[in-house]
Amino acid sequence: MEKIKVVLEEQSKKLGRRVEQITMIADLEGMGPHFLWRPGLEYQKSASADFEQNYPETMKTCLLVNVPGIFHHIYPLAKFILKEEVRQKLKVLSGNWKEEILQYIDADQLPVHWGGTQTGPDGDPKCLQIIGEGHGTKVPSSYYMTTKELSSKHCVTHDISRGSSLKLQYHVCNPGTILRYEFRTKHYDLGFSVWKQNDDGSIDEILEKQRYNCQMVPEDGHITLEQPGTYFVKFDNSYSRLRGKHLSYCIELINPGENLEDTNQENTHNS
């Protein structure tokens with residue numbers, strides 16, 4: 001983002017006029033179902049929000065090229081990460097897109113690989129020395145996470161059978177108590193939710209039920225419980241008819257004024 005700002009300032013000086021917007025190219029070659037990995041989508045959502053918040057209206061247009069057929073199935077599921085004003089700036093170039101892209105960007109500013117005339121110093125049609133060596137390549141295996149262990153030393157393990165769930169009950173006495181959670185599964189995703197049970201039998205949803213890919217990356221977070229009362233945490237596998245889940249988790253109640261590293265846990269297990 002900071003580099004884009006520098007480039008805009010350099011172009012403004014070079015052209016003698018104010019340049020405030022950019023046209024971006026998103027090459028979707030190799031796009032597949034793995035693009036729906038939730039941690040990746042959440043990162044893209046956060047990055048998009050930061051970009052729009054700190055550099056509003058900087059992006060004039062984003063051209064999507066090399067769009068595979070599966071894109072039209074994936075995009076409706078993934079578009080939630082983008083605001084409406086951003087989605088309106090996306091332009092899908094299909095068919096003979098290498099000619100269509102020249103309506104937006106001059107040929108001498110585009111690599112040959114994208115329908116332009118520019119090549120790298122060594123004749124590279126993708127201009128990777130300019131665009132970046134990582135363009136269009138897989139993440140090196142050396143960057144893969146090699147451990148899925150939880151950070152807490154007080155984790156508990158539990159096998160949740162197919163079609164069932166694990167429900168934990170907590171009695172909170174002090175307003176402002178923090179409920180801290182961390183969990184992972186050995187294989188496959190798992191549902192997770194938190195709610196408060198009121199005296200009249202009604203419930204207040206604290207954390208909406210959602211399925212997490214916690215078999216890839218441990219899920220962790222904390223919630224401030226504003227009111228005393230009875231709270232429930234639920235690990236939900238009721239949707240799975242075929243697979244049980246091996247769960248490792250840690251739930252901690254931290255009283256107001258305590259450090260997050262200090263813990264005070266009370267668990268009551270209910271199947």
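A residue counts as buried under 20% relative accessible area, as exposed over 50%, and as partly exposed in between. The structure described here is a predicted model, and this report covers its salt bridges, its aromatic pairs and its contacts between charges and rings.

## Salt bridges

The model contains 7 salt bridges. Three of them are set out below.

| Basic residue | Acidic residue | N to O distance |
|---|---|---|
| Arginine 87 | Glutamate 84 | 2.6 Å |
| Arginine 211 | Aspartate 189 | 3.0 Å |
| Lysine 89 | Glutamate 57 | 3.2 Å |

Arginine 87 and glutamate 84 both belong to helix α4, where a spacing of 3 residues separates them by about one helical turn. Glutamate 84 has a relative accessibility of 40% and is therefore partly exposed. Arginine 87, at 24%, also counts as partly exposed.

The salt bridge between lysine 89 and glutamate 57 has an N to O distance of 3.2 Å. This pair links distant parts of the chain, 32 residues apart: lysine 89 lies in the loop between α4 (84-87) and β3 (90-92), and glutamate 57 in the loop between α2 (38-54) and β2 (59-65). The relative accessible area of lysine 89 is 13%, so this residue is buried. Glutamate 57, in contrast, is partly exposed, with a value of 44%.

In the salt bridge of arginine 211 with aspartate 189, the closest N and O atoms are 3.0 Å apart. Here too distant parts of the chain are linked: arginine 211 is in strand β8 (residues 203-212), whereas aspartate 189 is in the loop between β6 (177-185) and β7 (190-197), 22 residues apart. Arginine 211 is partly exposed, its relative accessible area being 44%. Aspartate 189 has a relative accessible area of 15% and is therefore buried. Through shared partners, salt bridges join Asp189, Arg211 and Lys245 into one network.

## Aromatic pairs

There are 9 aromatic pairs in the structure. In one of them, the ring centres of phenylalanine 192 and phenylalanine 235 are 5.1 Å apart and the ring planes meet at 40°, so the pair is classed as tilted. Because phenylalanine 192 lies in strand β7 and phenylalanine 235 in strand β10 (residues 229-236), this pair ties together parts that are 43 residues apart in sequence. Both phenylalanine 192 and phenylalanine 235 are buried.

Phenylalanine 235 also pairs with tyrosine 249; the centres of these rings are 5.3 Å apart and their planes are at 40°, so this pair is tilted as well. The pair connects distant parts of the chain, with phenylalanine 235 in strand β10 and tyrosine 249 in strand β11 (residues 245-254), 14 residues apart. Phenylalanine 235 has a relative accessibility of 0% and therefore counts as buried. Tyrosine 249 is likewise buried, with a relative accessible area of 0%.

These residues take part in a wider arrangement, in which ring pairs link Tyr181, Phe183, Phe192, Tyr212, Phe235 and Tyr249 into a cluster.

## Charges over rings

Two arginines are placed with their charged ends over tyrosine rings. The charged end of arginine 211 sits over tyrosine 239, at 3.8 Å from the ring centre. Arginine 211 thus combines this ring contact with its salt bridge to aspartate 189. The charged end of arginine 243 sits over the ring of tyrosine 188, with 4.3 Å to the ring centre.

Key: Residues numbered from 1 in each chain as written. Predicted model: local features only at pLDDT ≥ 70, side-chain atom pairs only at ≥ 80, totals over all residues. Heavy atoms only, no water. Salt bridge = Lys/Arg side-chain N within 4 Å of Asp/Glu carboxyl O. Helix = DSSP H or I, 4+ residues; strand = E, 2+ residues; numbered from the N terminus. Buried < 20%, exposed > 50% of the residue type's maximum accessible area, 1.4 Å probe, protein only. Phe/Tyr/Trp six-rings, centres within 6.5 Å; stacked < 30°, edge-to-face > 60°. Lys NZ or Arg CZ within 6 Å of the ring centre and 35° of its normal.
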